[in-house]
Amino acid sequence: MRVIVRSVNLGGREFLFVCGKGGVGRTTVSAALALSAARAGKRVLVAMCNTKERLSQLLEVEPIGNENQPVGPGFEAVNMTPETALQEYGRMILRVRALYRAVFGNRFVMAFLRGTPGMDAWSMLGKAYYHASHRDRSGTKRYDLVIVDGPATGHALDMLRVPRVLCQIAPPGLLRSEAEAAWRMLTDPNRSGFVVVSLPEDMPVRETLELNGALQGELGLPIAGLVINGVYPKLFEGSEREFFIDLPQRLPADSSLVDLASAARSRCIRESVQEQSLATLHAELPTTSLRLPHIFAPEFGRAAIETLSARFDPCWDGVSQ
């Protein structure tokens, strides 16, 4: 299948947030993006959000914990938890050890932070933001690109609303200034982008359109592109589909072709749904898009991710494939 990437250039971005409905393949896309970016010479961090970690299974590496750890050349990953992320983020922004102990060693302060609505989400998003933007005294960044493997749609939107709310309600001080800086980065299309993942099926497409509306309409966040995952190659044309959809009913019940005809019918129905879903996405979500093929393999692991990652290679310099 020839895939056209129209004006997609992720090369200059420091921060990508991968989002979409549960089950559409956000972790798969995050892993493929990271492998591709690392091949392009970038130092990459994939930050998962307190999830049931499966990135290590896809990449066939050791389990990934709550501290940044190498998983490949130029590629690190972490499965952030709110408590660990809050403490680590605190160490990063309160660079003076005594000041950190005074704040995070105070049980009243910690009780307040843990009880503040949205603080769990902010601790993880803040850690990802810090890694995407921080430079050491020599001006060097540890990572060129941070990819957040975001939670499912509702939780992702709740997470992304937090810094804007903090900008509005937090009193002047460190928390508010950090939230303002993070929001500036999140809304800057030259620095950040939101990768929306969907499947070519009815319900994922509906949720994708709602998610896109919230990201752009409500929050004003830049969409880097739409990734349509699990696209089946077309085997049947319209007239052929009509024939095979009706075929099982026309065969005798004891025909040796019933199972084969039923399989053909199922594939024709899937292709019809996929075609309609793709048409809806492209009509109602006019953004740059990339299709990832469905991988037919007994086990979905590193080889499959490597195959998919090659589809992203042109995205780092804006070249179409």
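A pocket, as the word is used here, is an open set of grid points with protein on both sides within 12 Å along at least five of seven lines, and a lining residue has an atom within 4 Å of one of those points. Keep that in mind for the first view, and remember throughout that this is a predicted model.

**View 1. The second largest pocket and its lining.** Let's start with the open space. The second largest pocket holds about 460 Å³. Its lining is made up of 25 residues, and Gly23, Val24, Gly25, Thr28 and Asn229 are the ones nearest the centre. Helix 1 (26–39), strand 5 and strand 7 each give two or more residues to this lining. Which element gives the most? Strand 5 does, with 4 residues.

**View 2. The open sheet, strand by strand.** Now look at the sheet itself, where 8 strands line up in the order 3-4-2-5-1-6-7-8. The sheet is open and its pairing is mixed. At the edges you will find strand 3 (69–72) and strand 8 (289–293), and each of these pairs on one side only. On average, neighbouring strands are turned by 25 degrees against each other, with direction ignored.

**View 3. Strand 5 and its two partners.** Here we zoom in on one strand and the neighbours it pairs with. Strand 2 (residues 44–49) runs parallel to strand 5 (residues 145–152), and 5 bridges join the two. You can pick out alanine 47 opposite valine 148 of strand 5, and methionine 48 opposite aspartate 149 of strand 5. Strand 1 also runs parallel to strand 5, again with 5 bridges. There, leucine 16 has isoleucine 147 of strand 5 as its bridge partner. A handy rule for reading such a view is that in a regular strand the side chains alternate between the two faces of the sheet. How many of the residues of strand 5 are buried? The count is 7 of the 8, so strand 5 is largely enclosed by the rest of the structure.

**View 4. Helices packed on the sheet.** Two helices can be followed here. Helix 6 (residues 119–133) packs on the sheet and touches strand 1, strand 2, strand 4 (75–80) and strand 5. The direction of helix 6 makes about 145 degrees with that of strand 1. Helix 11 (residues 258–284) packs on the sheet too, touching strand 6, strand 7 (223–231) and strand 8. Compared with the direction of strand 7, that of helix 11 makes an angle of about 175 degrees.

**View 5. A tilted pair of buried rings.** Next come the aromatic rings, which form 4 aromatic pairs in this model. One of them joins phenylalanine 17 and phenylalanine 194, with 5.6 Å centre to centre and 35 degrees between the planes, a tilted arrangement. Why does this pair tie together parts that are 177 residues apart in sequence? Phenylalanine 17 lies in strand 1 (residues 15–20), while phenylalanine 194 lies in strand 6 (residues 192–198). Are the two residues buried or exposed? Phenylalanine 17 is buried, because its relative accessibility is 0%, and phenylalanine 194 is buried with a value of 0% as well.

**View 6. An edge-to-face pair within a cluster.** For phenylalanine 243 and phenylalanine 244, the ring centres are 5.1 Å apart and the planes stand at 80 degrees, so this pair is edge-to-face. Phenylalanine 243 is partly exposed at 42% relative accessibility, and phenylalanine 244 is partly exposed with a relative accessible area of 23%. Together, Phe236, Phe243 and Phe244 make up one aromatic cluster.

Terms used
Residues are numbered from 1 along each chain as its sequence is written. This is a predicted model: local features need pLDDT of at least 70, side-chain atom pairs count only at pLDDT 80 or more; totals for chains, interfaces and linings use all residues. Side-chain values use heavy atoms; hydrogens and water are left out. Rings of Phe, Tyr and Trp (its six-membered ring) pair if their centres lie within 6.5 Å; planes under 30 degrees apart count as stacked, over 60 as edge-to-face and the rest as tilted. Buried means under 20% relative accessible area, exposed over 50%, partly exposed in between (1.4 Å probe, protein chains only). Two strands pair if DSSP finds at least two bridges between them. Axes are lines fitted to C-alpha atoms, for helices over the stretch in contact, and angles run from 0 to 180 degrees between N-to-C directions. Contact means heavy atoms within 4.5 Å. On a 1 Å grid over the protein atoms alone, a cavity is a set of points where a 1.4 Å probe fits but cannot get out, and a pocket is an open set with protein on both sides within 12 Å along at least five of seven lines; lining residues have an atom within 4 Å of a point. Grid points are joined across faces, edges and corners, and a volume is the space filled by probe spheres set on the points.
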